[in-house]
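This report describes the chains of one complex, the contact between them, and selected strand pairings and charged pairs. The sequence and structure are shown below.

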Amino acid sequence: MSPAHHQLPRLCFPPQPGQLTPEPQTVSTRERSSLGRSPLSGPEAGTLAMGRPEEAALLQLEEVFSATLARIDSLVLQPLLMLEPTDPQSRECLQLLQQLRKSSQQLWKVTEESLHSLRERLRHPDAIGLESLLLLDGADRVLQVYMEYIESYTSCVVTQAFQKAVKKRSDYWRSRQKALQQQLWGMTSEGSMDTKLAQVLCQPLTRHVQEYVSLLRSLRDTAGEHRPACELVAHATTLFENLQSFMRQALDQAVATQGLWRTLSSRLRDALYTPARRLLQDSQDMPLTVTPLRAERVLLFDDILVLLQGHNVHTFDLKLVWVDSEQNGCVFHLLTPEEEFFFGSKYRQDQVVWQWKITQAVCQALRGKKDFPLLGAGLESSKPPICRSMAYTFLAEGRLCQATYEGEWYQGRPHGKGTLKWPNGRNHVGTFCQGLEHGFGICLVPQASEDKFDCYKCHWREGSMCGYGICEYGIDEVYKGYFQEGLRHGFGVLESAQQAPQHCKYTGHWERGQRDGYGIQEDSDRGELYIGLWQADQRHGPGVVVTQAGVCYQGTFQEDKMVGPGILLSEDDSLFEGTFTRDLTLVGKGKVTFPNGFTLEGSFGSGAGRGLHAQGVLDTDALPPDPSSTCYRQLGLGIFPVESRWQGVYGPFRDFVHTGCPGDLQEALLGFHVQSSRELRKSQEYLCCESTQLDDSAGRMEDILEELLQHRDPEALQKCLRKALSNSLHPLGKLLQTLMLTFQATYAGIGANKHLQGLAQEEVKQHAQELWAAYRGLLQVALQRKGQALEEEEDTEARDRRVHGLVLPLMLPSFYSELFTLYLLLHEREDSHYSQGITNLSLFPDTNLLEFLDVQKHLWPLKDLTLTTNQRHSLVKDKCFLSAIECLQKVITTMDPREKLEVLERTYREIEATVSRVLGQEHKLPMDDLLPLLIYVVSRAQIQHLGAEIHLIRDMMDPIHTGGLFDFLLTALESCYEHIQKKDMHRSPR
Amino acid sequence: MMAIRELKVCLLGDTGVGKSSIVCRFVQDHFDHNISPTIGASFMTKTVPCGSELHKFLIWDTAGQERFHSLAPMYYRGSAAAVIVYDITKQDSFHTLKKWVKELKEHGPENIVMAIAGNKCDLSDIREVPLKDAKEYAESIGAIVVETSAKNAINIEELFQGISRQIPPLDPHENENNGAIKLGKQTMQASRRCC
């Protein structure tokens, strides 16, 4: 512990003089040339090389100082360290003294080095230039050592370390008093022992620096101006002058601080004391009023600002103090994370001093090192940065109580990227604005029980969720959709976990946290799908219920119950009309229409275990109703206007376009690009990418708009749209994805019901229109950004042409499988009749079939076959009109209605070509001849579900073709399909 | 530019009365530069001026065989006009005509213009249906009637001109937006969903 046995001189390693002595002449030449000086400066070099009286004086000075330091070490420092620490205070005291001795040793070491360099120079004045002196060349290093010593020394002063040490061994020091007095000659010996020690440890240093300064000054004045060493001399002079100021200030601060600790109550001292802390300003010296907090005393330290008010001590970390540069009279404004103050003074002067001092203290605290030479003076900017990166724990009651924010600040508020952690485990990582969550953020909220978290990955605005977000509630539920003011609002999907006992999924609109507006709810447990309107989280308004078993209801709901008149379509195509109860059974007056046309009118009821019972009149005379009426009945048509059905999906896109497609809002308005949920689960990583993503998205938006501008002629536009729609990062692609989501939620699974085909097909067409409108919106923004003239508003006809000709074929594949399934179900019965028909017709050999269908003999394509009858039969089988048949079969290879129609046209051309070949001349087929031939080709092509195909083509066909060639061909195909279903087509071949 | 109105015309009548011959004659007589695609003689188009408008006839042939009779509604739905053809040398074909008229009255589009064409008037020496009968019948149902000869190109033009005249002119109010409004489109869409 006691380093007394160390012999100080052994600590230094002065280089052996001979080692550093190269040949004088060479060195000086080399030095000169290396410094870029011309040899002409030779004479001057000569005069300097002779050495100066100042150098000799410096040498002497250093020798004396070195000896003084060694003496102080053995007489004062070593005995001071012989302290048995008994309590924390004295332990701290010892530590500080140890530090002081270390600094002192460093000081001695650097003095020895300086000494050495001076000796070398004096020994070889010609060979070694002035600039080799440590005091000049290494002035900064020397300065550093001095400052460290001062730091250690003042800490001891502040802590009253000498006093404590002397007190512990007062006998020893008393006995040494005389010896000390003698040894430390020429020093004032006033006051107590500890004061003496303090002086002994400081005075030689101050005096030494003073000597340095005067010698360096005179060296500077005598040295010529052109020498390179001159700059060094001037530099060193300034440094040591500055060091004097620094020392004065440090000592003043230390004395003031020590004085403060002495006078403060012990409670306050314990709260505020640290050895390194220095008092910069005290309102007792310069009065200050603080509003709104009425503090009676303000203490400005070098790291904190303290307001004392009664028993309360308010401490503010200077790193998180902003001084508002806007000043108003004799008052200035201070901002801290939780509080704001106005500091004022009677005298403008005092106010300016306070403001300046606080500002400089903040600067110094942020820089993390003492200003040199004086507070506020130096090279660095004297204005603290407004944006800072800091950690802070909020104390005030409220939302943020005990929460720790770590991240970027602006004017006293979290602003920029940061993390906010609450003691209960809640954790928000994201961007902040004016102290509130704003922009993308991920928030984890622990659930009351278990080790589960709710995870909100969301866009925030002014502290609450706003815009698109994904929320995982533990592992039980997930919400993906829009928020407003922290509540689900707009379009969103809430789904319980697949494995949950009561799996439920709602896809639709929300208002202030509740299901409201058009929405689809699937209840897998009950096997029910509700399509309809909601209000205040309940089914309310017109609605349709489809069950797994295929039973459908349509009626009006009130507070979750179906009330009043409604209809029920049973799986066997019976129609129930009447009043329904909550559990969807018919009760009261009603009417049942059976598929065979019988009707039962009367009063219905149901009892436990008795099923449905009725009293009424069964009318078996009634004419069979149009058998198609129940079977083909479409639900929901006209009840849910297609334009307003998915407003919550179209709306954000429109907002996005209206605000001019800001890249940074793309995510908030259009939703995230999510590849897999696992990807998002790595929330931290996602956040890391996010900052670049934001810049990216703005850039990407530019590219996207540019691309739209460059591809405006029809062909390029089609390609461009195709690309956009298939790209899930593109706004149009995102919109399409969300639309697909709603479509699947409605029409897949339980929703795959023939009575919903009408809803589905009008929805697809509406989506096509909206996608085109979305494209037009983006295009307008692109034009606007380029300052180009906007596109004129399209007329309805031009728009319809683009929607049907361009957009529908591009987006239809995304909906095709669900949509086609509905057509399939709707036309199941006809398709099965048709199937029987083609199966039967397939039994006919070609010639028999041609004959059976009354195809005129001269059109039979048999003439070019000169074979025997038997051969002919075997060969001809499945050969007649083969090209047309194969062509027609291609109709199922495309989803584009237009392409399907083109297939039909090509099929016709093939028939015509075959006939023309048979007749040896061009022949225009009248319908009398064409229809039988077409029936032949259709029956041989054996296309499955032809009815579904035909109806889908007709519904999705561009209305521009109505009455035209494609319409004709489709009608011809439809008539073949109808004909094949007929009974007489089921006759077996003769 | 004159507005083009597309008019769907449906051809009805027995096999062999010369339905498609009439259309072929009508379409071919006029040398048409922009030949629209056709489906043989089964689907043809021809544009003729009518007042301030152009009428584009979209002519749909039907199969005349009795067995295909039930398929006809698919073809005549949405038609602005129907040309019902009989053979003046065959009384039977005139009977069939009457059946078509009756069906159109009952199931055809509202306000459909009906034109009766007594074809093969070049063979009037073996006529079985007197012109007077046809005229009286046409008058009773408010239809146009002409005797035509596809072979000698008699009255073919007149037949279609007569149809053009019977088509009510476009509502001027509707015409304002310079769009070529297609007659029968609305009715077609309304009646399409009959499955």
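In this predicted model, the accessible surface of chain B amounts to about 9,100 Å², and carbon and sulfur atoms account for 52% of that area. Chain B contains 7 helices and 6 strands, whose order from the N terminus is β-α-β-β-α-β-α-β-α-β-α-α-α. Of its 195 residues, 54% are buried. Among the contacts in chain B between residues at least 6 apart in sequence, 75% join residues at least 24 apart.

Chain A has 990 residues, of which 51% are buried. Its secondary structure comprises 31 helices and 27 strands. The accessible surface of chain A is about 46,000 Å², with 51% belonging to carbon and sulfur atoms. For chain A, residues 24 or more positions apart make up 53% of the contacts with a separation of 6 or more.

**The interface**

Contact between the two chains involves 38 residues of chain B and 38 residues of chain A. Together the chains bury about 3,200 Å², 58% of it on carbon and sulfur atoms. There are 15 residue pairs in polar contact across the interface of chain B and chain A. On the side of chain B that touches chain A, at least two residues each come from β1 (4–13), α1 (19–29), β2 (43–50), β3 (53–60), α2 (72–76) and α7 (185–192) of chain B. The largest share of that side, 4 residues, is supplied by α7(B).

The interface also holds 3 salt bridges. One of these joins K19(B) to D928(A), with the closest N and O atoms 3.4 Å apart. R77(B) and E974(A) form a salt bridge as well, at 3.1 Å from N to O. This pair joins two chains, because R77(B) lies in the loop between α2 and β4 (81–87) of chain B and E974(A) in helix α31 (residues 965–981) of chain A. R77(B) counts as buried at 14% relative accessibility, and E974(A) is likewise buried, at 5%.

**Salt bridges within chain A**

Over all chains, the structure holds 49 salt bridges. Side chains of opposite charge can pair when their charged atoms come close. E151(A) and R278(A) meet in such a bridge, at 3.9 Å from N to O. E151(A) belongs to helix α7 (residues 139–159) of chain A and R278(A) to the loop between α12 (266–272) and β1 (279–282) of chain A, so the pair ties together parts that are 127 residues apart in sequence. The two partners do not share one exposure class: E151(A) is partly exposed at 32% relative accessibility, whereas R278(A) is buried at 2%. A network of salt bridges links E151(A), R278(A), D302(A) and K370(A).

A further salt bridge connects R297(A) with D282(A), whose closest N and O atoms are 2.5 Å apart. R297(A) is in strand β3 (residues 297–301) of chain A and D282(A) in strand β1 of chain A, 15 residues apart. Both R297(A) and D282(A) are buried.

**Antiparallel strand pairs in chain A**

The table lists four strand pairs, with the number of bridges and one pair of opposing residues for each.

| Strand pair | Bridges | Opposing residues |
|---|---|---|
| β12(A) (427–433) and β13(A) (436–446) | 6 bridges | G430(A) and G441(A) |
| β13(A) and β14(A) (453–461) | 8 bridges | L444(A) and C455(A) |
| β23(A) (561–569) and β24(A) (575–580) | 5 bridges | G566(A) and G578(A) |
| β24(A) and β25(A) (586–593) | 6 bridges | T579(A) and V587(A) |

Which turn residues of these hairpins take a positive phi? In the hairpin of β12(A) and β13(A), with 2 residues between the strands, Q434(A) has a positive phi of about 50 degrees. The hairpin of β13(A) and β14(A) has 6 residues between the strands, and E450(A) takes a positive phi near 60 degrees there. Between β23(A) and β24(A) there are 5 residues, and D573(A) adopts a positive phi near 70 degrees.

**A buried asparagine**

N840(A) is located in helix α24 (residues 828–841) of chain A. Its relative accessible area is 11%, so N840(A) counts as buried. Leaving aside residues up to four places away in sequence, N840(A) touches M985(A), H986(A), R987(A) and S988(A).

Definitions and conventions
Residues are numbered from 1 along each chain as its sequence is written. Chains are lettered from A and ligands numbered from 1 in the order in which they are written. This is a predicted model: local features need pLDDT of at least 70, side-chain atom pairs count only at pLDDT 80 or more; totals for chains, interfaces and linings use all residues. Side-chain values use heavy atoms; hydrogens and water are left out. Two strands pair if DSSP finds at least two bridges between them. Buried means under 20% relative accessible area, exposed over 50%, partly exposed in between (1.4 Å probe, protein chains only). Contact means heavy atoms within 4.5 Å. Accessible areas come from the Shrake-Rupley method with a 1.4 Å probe; for residues, only the protein chains shown count as cover. Buried area is the accessible area (1.4 Å probe) that two parts lose on being put together, summed over both. A salt bridge is a side-chain nitrogen of Lys or Arg within 4 Å of a carboxyl oxygen of Asp or Glu. A polar contact is a pair of N or O atoms within 3.5 Å; within protein, one must be able to donate a hydrogen and the other to accept it, and residues adjacent in sequence count only if both atoms are side-chain atoms.
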